[in-house]
Amino acid sequence: MGILSFILFLIVAACCAYLAEAIVPGVIPGGFLTSAVVGIIGAWVGGSLVGPIGPSLAGVALVPCILGSAITVFLLSIISRGVRGKRV
């Protein structure tokens with residue numbers, strides 16, 4: 001994988017995470033970089049659970065990536081809500 005392919009993969013994964021964040025009632029704490037990381041993790045989770053179905057862009061199957069990102073966003077929002085709720 002070249003640097004241009006990796007950058008395209010990162011952008012597509014971040015866009016999928018942004019869509020997942022709009023679908024799932026939760027917020028990703030952080031900006032674009034955190035969304036990109038959540039998108040990459042979501043692409044891996046979605047690809048493992050669902051497989052490569054649906055359209056693909058820059059080596060990323062979009063449907064599993066959005067589903068995996070939605071799961072990851074939901075879990076991350078639950079974890080961050082639990083951490084923010086415990087103040088000493």
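This section describes the fold, helix packing, cysteines and nonpolar surface of a predicted model.

The chain contains three helices and two strands. Along the sequence, these elements follow the pattern α-α-β-β-α. The chain has 88 residues, of which 34% count as buried. Contacts between residues at least 6 apart in sequence were also examined; 60% of them join residues at least 24 apart. The exposed area of the chain is about 5500 Å². Carbon and sulfur atoms supply 77% of that area.

Helix H1 covers residues 3-23. Its 21 residues reach 30 Å from the first C-alpha to the last. That span is close to the 30 Å expected at 1.5 Å a residue. Seven positions are listed as buried in H1: Phe-9, Val-12, Ala-13, Ala-14, Cys-16, Ala-17 and Ala-20.

Cys-16 sits in helix H1. Its relative accessibility is 4%, so Cys-16 counts as buried; the cut-off for this class is under 20%. Beyond its neighbours within four places in sequence, Cys-16 is in contact with Leu-62, Cys-65, Ile-66 and Ser-69. Helix H3 spans residues 62-85. Cys-16 and Val-38 are 22 residues apart in sequence, and their C-alpha atoms are 9.2 Å apart in space.

Ser-69 belongs to helix H3. Ser-69 is buried, because its relative accessible area is 0%. Its contacts, with neighbours within four places in sequence left aside, fall on two stretches of the chain. One group is Cys-16, Ala-17 and Ala-20. The other group is Val-38, Gly-39, Gly-42 and Ala-43. Of these partners, Cys-16, Ala-17 and Ala-20 are themselves buried in H1. Helix H2 is formed by residues 32-49.

Thr-72 is also placed in helix H3. With a relative accessibility of 14%, Thr-72 counts as buried. Not counting residues up to four places away in sequence, Thr-72 touches Val-38, Ile-41, Gly-42 and Val-45. Val-38 and Gly-42 thus recur: they appear among the contacts of Ser-69 and among those of Thr-72.

Ile-40 lies in helix H2. Ile-40 is partly exposed, as its relative accessible area is 29%. Leaving aside neighbours within four places in sequence, Ile-40 is in contact with Phe-9, Leu-10 and Ala-13. Two of these partners, Phe-9 and Ala-13, are buried residues of H1. Ile-40 and Cys-65 are 25 residues apart in sequence. Their C-alpha atoms are 8.0 Å apart in space.

The cysteines were then examined for pairing. The structure holds zero disulfides. Cys-15 is in no disulfide, and its nearest cysteine sulfur, that of Cys-16, is 7.1 Å away. Cys-65 is likewise in no disulfide; its nearest cysteine sulfur, again that of Cys-16, is 3.6 Å away. A disulfide requires sulfur atoms within 2.5 Å, so a separation of 3.6 Å does not qualify. The cysteines also vary in accessibility. Cys-15 counts as partly exposed, at 44% relative accessibility. Cys-65 is buried, with a relative accessible area of 1%. Cys-65 is also one of the contacts of Cys-16.

A nonpolar patch of about 760 Å² occurs on the surface. Its members are Leu-49, Val-50, Ile-53, Val-63, Leu-67, Ile-71, Phe-74, Leu-75 and Ile-78. Helix H3 gives the most to the patch, with six residues.

Two patch members illustrate its composition. Val-63 is found in helix H3. Its relative accessible area is 35%, and Val-63 is therefore partly exposed. Ile-53 is placed in the loop between H2 and strand E1, which covers 56-57. Ile-53 is also partly exposed, with a relative accessible area of 43%. These two members meet directly: not counting residues up to four places away in sequence, Val-63 touches Ile-53, Gly-54 and Pro-55. Val-63 and Ala-43 are 20 residues apart along the chain, with their C-alpha atoms separated by 9.1 Å.

How values were computed:
Residues are numbered from 1 along each chain as its sequence is written. This is a predicted model: local features need pLDDT of at least 70, side-chain atom pairs count only at pLDDT 80 or more; totals for chains, interfaces and linings use all residues. Side-chain values use heavy atoms; hydrogens and water are left out. Helices (H or I, at least four residues) and strands (E, at least two) are DSSP runs, numbered from the N terminus. Buried means under 20% relative accessible area, exposed over 50%, partly exposed in between (1.4 Å probe, protein chains only). Contact means heavy atoms within 4.5 Å. Patches are made of residues with over 30% relative accessible area and no salt bridge: like charges are joined within 9 Å, nonpolar side chains (Val, Leu, Ile, Met, Phe, Trp, Tyr) within 5 Å. Accessible areas come from the Shrake-Rupley method with a 1.4 Å probe; for residues, only the protein chains shown count as cover. A salt bridge is a side-chain nitrogen of Lys or Arg within 4 Å of a carboxyl oxygen of Asp or Glu. The expected span of a helix is 1.5 Å times one less than its number of residues.
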